[in-house]
Amino acid sequence: MTDDVDPPDPDQDVQADPAPPPKKVDDPMRLARELADAYRSADPGAVPRRRRRGQRPVPRRGGRDDAMPLSAALGDLVDQQGWTDQLAASRVFTDWAAIVGPDIATHSLVEGFADQVVSVRADSSAWRKELQLLAPRIVARLNEELGQGSVLRIDVRGPEAPSWKYGKRTVRGGRGPRDTYG
């Protein structure tokens, strides 16, 4: 018996074989592993590798080192934006105790810094005079910390006294109380 197979008629629609049924996945992690292996083998420099604590990052392919400390990135940003003068000015407020020492810092408060003049409020008239006498040393120390020419002088003010011009016990033409308030 011979099988005679008729050639297909070109005018008839020929149906293609249906798609094979999908393979059953035995290991659910197999696909994930295959994708990860393909990703790693495609470009080995593009996949970040885990580092142990304390190890420095290894430069990536092509001599590029994308990983850098945050302080270096912020330093570059400050330089690009031209914020160095503003940051130096803010150090007068934040580092006052470290610059002048804890004794002076407990009796004084920086109120402002504009046009190379630092405004300081003393808590008593005695400390106001002391700060006026120490002003050249403090200016020199500030210029060491912030950069030469950052501070020209210090304007020291004493404590604020209450107003005695109004109230029940006022005397017209009187000179007010004789106290330094501190």
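This is a short talk on how the helices and strands of one predicted model fit together.

Hi everyone, thanks for having me. Please keep in mind that we are looking at a predicted model throughout. The chain has 182 residues, and 19% of them are buried. There are 6 helices and 3 strands, and from the N terminus on the order of elements is α-α-α-α-α-β-β-α-β. For those of you who like contact maps: among contacts with a separation of 6 or more, 44% join residues 24 or more positions apart.

Let's begin with the sheet. It is open, its 3 strands come in the order S1-S2-S3, and the pairing is mixed. Strand S1, residues 108-114, and strand S3, residues 153-157, have a single partner strand each, so they are the edges, and one side of each is left without a neighbour in the sheet. On average, neighbouring strands here are turned by 25° against each other, direction ignored.

So what does "mixed" look like, strand by strand? As a reminder, strands of a sheet pair through backbone hydrogen bonds, in either a parallel or an antiparallel way. S1 and S2, the latter being residues 117-122, are antiparallel and share 6 bridges. If you want to trace the register on your screen, serine 108 has alanine 122 in S2 as its bridge partner, and leucine 109 has arginine 121. The hairpin joining S1 and S2 has 2 residues between the strands, and aspartate 115 there takes a positive phi near 50°. On the other side, S2 and S3 run parallel, with 5 bridges. Arginine 121 turns up again here, standing opposite arginine 157 in S3.

Now, is S2 mostly covered or mostly open? It is mostly covered, with 6 of its 6 residues buried. That holds for both faces: Val117, Ser119 and Arg121 are buried on one side, and Val118, Val120 and Ala122 on the other.

Next, the helices on the sheet. Helix H3, residues 84-94, packs on the sheet and touches S1 and S2, with its direction at about 165° to that of S1. Helix H6, residues 125-146, also packs on the sheet, touching S1, S2 and S3, and its direction makes about 160° with that of S3. Together, S2, H6 and S3 form a right-handed β-α-β unit.

H6 deserves a closer look. Where is its kink? The kink, of about 55°, lies at leucine 134, shortly before proline 136. The buried residues of H6 are Leu131, Leu134, Ala135, Ile138, Val139, Leu142, Asn143 and Leu146. Much of that spacing will look familiar, because an α-helix has 3.6 residues a turn, so residues three or four places apart point the same way. The buried residues of H6 pack against H3, H4 (96-100), H5 (102-106), S1, S2 and S3. Just after the helix, glycine 147 takes a positive phi of about 115°.

That leads us to the nonpolar core. The largest one has 20 residues, and those with the most contacts inside it are Trp96, Val100, Val118, Leu131, Ile138, Leu142 and Ile154. At least two residues come from each of H3, H4, H5, S2, H6 and S3. Which element gives the most? That would be H6, with 6 residues. Take leucine 142 as an example: beyond residues up to four places away in sequence, it touches Trp96, Ile99, Val118, Gly147, Val151 and Ile154.

One last residue before I stop: leucine 152, in the loop between H6 and S3. Is leucine 152 buried or exposed? Leucine 152 is exposed, because its relative accessible area is 58% and exposed means over 50%. Leaving aside neighbours within four places in sequence, leucine 152 is in contact with Gln116 and Val139. And a link back to the hairpin: leucine 152 and aspartate 115 are 37 residues apart in sequence, while their C-alpha atoms are 8.6 Å apart in space.

To wrap up, this predicted model has a mixed sheet of 3 strands, with H3 and H6 packed on it. Thanks for listening, and I'm happy to go back to any part of it!

Notes. Residues numbered from 1 in each chain as written. Predicted model: local features only at pLDDT ≥ 70, side-chain atom pairs only at ≥ 80, totals over all residues. Heavy atoms only, no water. Pairing = 2+ DSSP bridges. Helix = DSSP H or I, 4+ residues; strand = E, 2+ residues; numbered from the N terminus. Axes fitted to C-alpha atoms, helices over the stretch in contact; angles between N-to-C directions. Contact = heavy atoms within 4.5 Å. Bend = angle between axes of the 7 residues up to and from the residue. Buried < 20%, exposed > 50% of the residue type's maximum accessible area, 1.4 Å probe, protein only. Right-handed = clockwise from strand over helix to strand, strands pointing away. Core = buried A, V, L, I, M, F, W, Y, C linked by side-chain atoms within 4.5 Å.
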